[in-house]
Amino acid sequence: MASRYHDVYDSWKRDPEGFWAVAAKAIDWVKPADKVFDETAGIYGRWFPGALCNTCHNAVDRHVENGRADQLALIHDSAMTGTVRKFTYAELQAEVTALAAVLVDQGVGQGDRVIIYMPMVAEAAFAMLACARIGAIHSVVFGGFAARELATRIDDATPKLIISASCGLEPGRTVAYKPLLDGAIDLARHKVERTIILKRPQLDCELVPGRDVDYAQGVAAAKAAGRKIDCVPVAATDPLYILYTSGTTGQPKGVVRDNGGHMVMLHWSMKNEFGIDPGEVFWAASDVGWVVGHSYIVYAPLLAGCTTVLFEGKPVGTPDAGTFWRVIAEHGVASLFTAPTAFRAIKKEDPRGEFVPKFDLSKFRTLFLAGERADPETIKWAERHLGVPVIDHWWQTETGAPISQNPVGLGILPVKYGSPCVPMPGYDVQVLDDAGHPVERGTLGNVVLKLPLPPGCLPTLWNADQRFRQAYLDEFPGYYKTADAGYIDDDGYLFIMARTDDIINVAGHRLSTGGMEEVLAEHPDVAECAVIGMADALKGQAPCGFVVLNSGVSRDVAEIEREIVALVRERIGPVAAFKIVVTIKRLPKTRSGKILRGTMQKIADREDWKMPATIDDPAVLDEISEALKARGIGV
Ligand code: COA
Ligand code: AMP
């Protein structure tokens, strides 16, 4: 059957407001919008101004009211503990309402911020929805971040309360969250007065009297008292959440998501982009700490009346490379969404796909990959062994939903390996040269999105309008800068090749090399440093640090390097996956003092490189090659 993509995309282009007005009909509004889009409001305009709504109502209550009360809403499958917990929509409503009552009792109200620092447990999703229910703004912080990163977010979001847990579970170790949380609260300038702590059976923790509330006790008491907390109507333009993402410095950017546009876009995407119907089982194997978790573990599947799977485990080693297929078979998953790195990990453990036929994958229809460039070999491996379409799609924390993809629901287009396919309605994607002029088809350049951004995209950064303008809008007036480099081919297919800033992508996790350099520079023996992203067969990229030591340092270099690795783990967290430091005599620089990180990365990756014309001293690059060779890198 021919794809409807071109017709649908053209209809959006002809009448964007009419297009989103129709999509908005799928959402329950307390009060409809005064207009679909107000170009005079906000920084580049606002979607659905004047409307009142509640995201929790649309994700939970309305399904209970409309015949899905007994349908499964959420399945928590923990490969770490070997347990499965299932919640119908009615049970989800009960959990969320009870937790909302605890929040209200602790003084949390509309517009207050709540940080959620939790492992992959069902309660993390309940916490997000409970905030949405009372109009509080949640900010989920990924569990792999260290106390200092959490403290930075506490100071920026100034939360009234933090919801956390006693521990997370990683293969081979139990991550004690409580010391990290307490450490962050101590470090932060903003004083957090209340926390709600979920005690997990794997590790107990002490509660601070007068500050920490026991999650289970609070929720049980609210249930026993039959507490009823209604969904609070909020403005469509009010923030639903803040999600911090890496910027070019150690100060993360607080991406703001509104309520109304977000619901409209996510709901539209489930049917039209992902081809999923209400009642089907959708699994995004990511983490609630990332945007994929926000959009496609929690909000989109629930808004669409699906069953969502929240998985605690890894694609390999928990216990083996067949775990993903076990989850798909056991819960009747129709579509899986994960990062290519997960498939590279599976392919490495089980190159012949021998685990796959051991499971009944008859309900499985589509695999979606995003978060990093999907290499053709990995896509082909997945196609061969799973026998389903493998859909690469491209988006960012800032957009909240795919910018480009092969739209399964509208009809699949021919696949081009290495391309996340075509722009979705809402996105006019263009490629510009550095001076802001459009480039020819097939020519690499800056990938930009013509303003206004569609519903669901960030309206601004939290408390940082100026940073929003400067980071995204100023360089190419009239466009949003994605900071990705790529090209569009003659058929209109996009190819996303690299970042144009210092962000690297490690196992689908977005990290700032600038942030890592700030930590390296803190080491007392380090005079100068640079961090690059090296190609990594499993994780896509891996950070590699170069340090120049202060003159006169006579300590053991290997020991200093170990201290630096430990410092990054302590300051940023294990998620940085920072394992390699190379000590060198000097950094390669241009005559004006700019560090030649791009050339260093090419040397490390054994790519062809040209001697930069502006280099101060070409001999430094030989020194870098030698130092890397001595470590077995770039040889
Ligand atoms: N809490 C605490 N620590 C965490 C964590 C969490 N939530 N998540 C990861 N970490 C730790 C890991 O244990 C690891 O620690 P280690 O250095 O002691 O081994 C470190 O952070 C690096 O994690 P990661 O880069 O994820 O590597 P890994 O070896 O644990 O797993 C993959 C590699 C490929 C299996 C895993 O990254 C994966 O499944 N990725 C694909 C799915 C995904 O999450 N994508 C993200 C967005 S879609
Ligand atoms: P994040 O905000 O963590 O989702 O990271 C967004 C960045 O990841 C993008 O700007 C890209 O650099 C990269 N990315 C995400 N998906 C893809 C994809 N399908 N192909 C290439 N790069 C991708």
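## Surroundings of Ala-300

In this predicted model, Ala-300 touches Leu-266, Met-270 and Ser-295, once its neighbours within four places in sequence are left aside. The residue belongs to helix α10, which covers residues 291–303. Its relative accessible area is 0%, and Ala-300 is therefore classed as buried, the limit for that class being under 20%.

Ser-269 lies 31 residues away from Ala-300 along the chain, and a distance of 8.0 Å separates the C-alpha atoms of the two.

## Nonpolar surface patch

Three residues, Ile-412, Val-415 and Tyr-417, make up a nonpolar patch on the surface. Their combined accessible area is about 240 Å².

Val-415 is located in the loop that links β21 (404–405) and β22 (422–423). This residue counts as partly exposed because its relative accessibility is 42%, a value that falls between the 20% bound for buried and the 50% bound for exposed residues.

## Four-stranded antiparallel sheet

An open sheet is built from four strands in the order β23-β24-β25-β26, with antiparallel pairing. Its edges are formed by β23 (429–432) and β26 (494–499), each of which pairs on one side only. On average, and with direction ignored, neighbouring strands of the sheet are turned by 50 degrees against each other.

Within the sheet, β24 (residues 445–450) and β25 (residues 479–488) are joined in the antiparallel sense by six bridges. Opposite Val-447 stands Asp-484, a residue of β25.

Technical notes:
Residues numbered from 1 in each chain as written. Chains lettered and ligands numbered in written order. Predicted model: local features only at pLDDT ≥ 70, side-chain atom pairs only at ≥ 80, totals over all residues. Heavy atoms only, no water. Pairing = 2+ DSSP bridges. Helix = DSSP H or I, 4+ residues; strand = E, 2+ residues; numbered from the N terminus. Axes fitted to C-alpha atoms, helices over the stretch in contact; angles between N-to-C directions. Patch = residues over 30% accessible without salt bridge, like charges linked within 9 Å, V, L, I, M, F, W, Y side chains within 5 Å. Areas by Shrake-Rupley, 256 points an atom, 1.4 Å probe, with all protein chains shown as cover. Salt bridge = Lys/Arg side-chain N within 4 Å of Asp/Glu carboxyl O. Buried < 20%, exposed > 50% of the residue type's maximum accessible area, 1.4 Å probe, protein only. Contact = heavy atoms within 4.5 Å.
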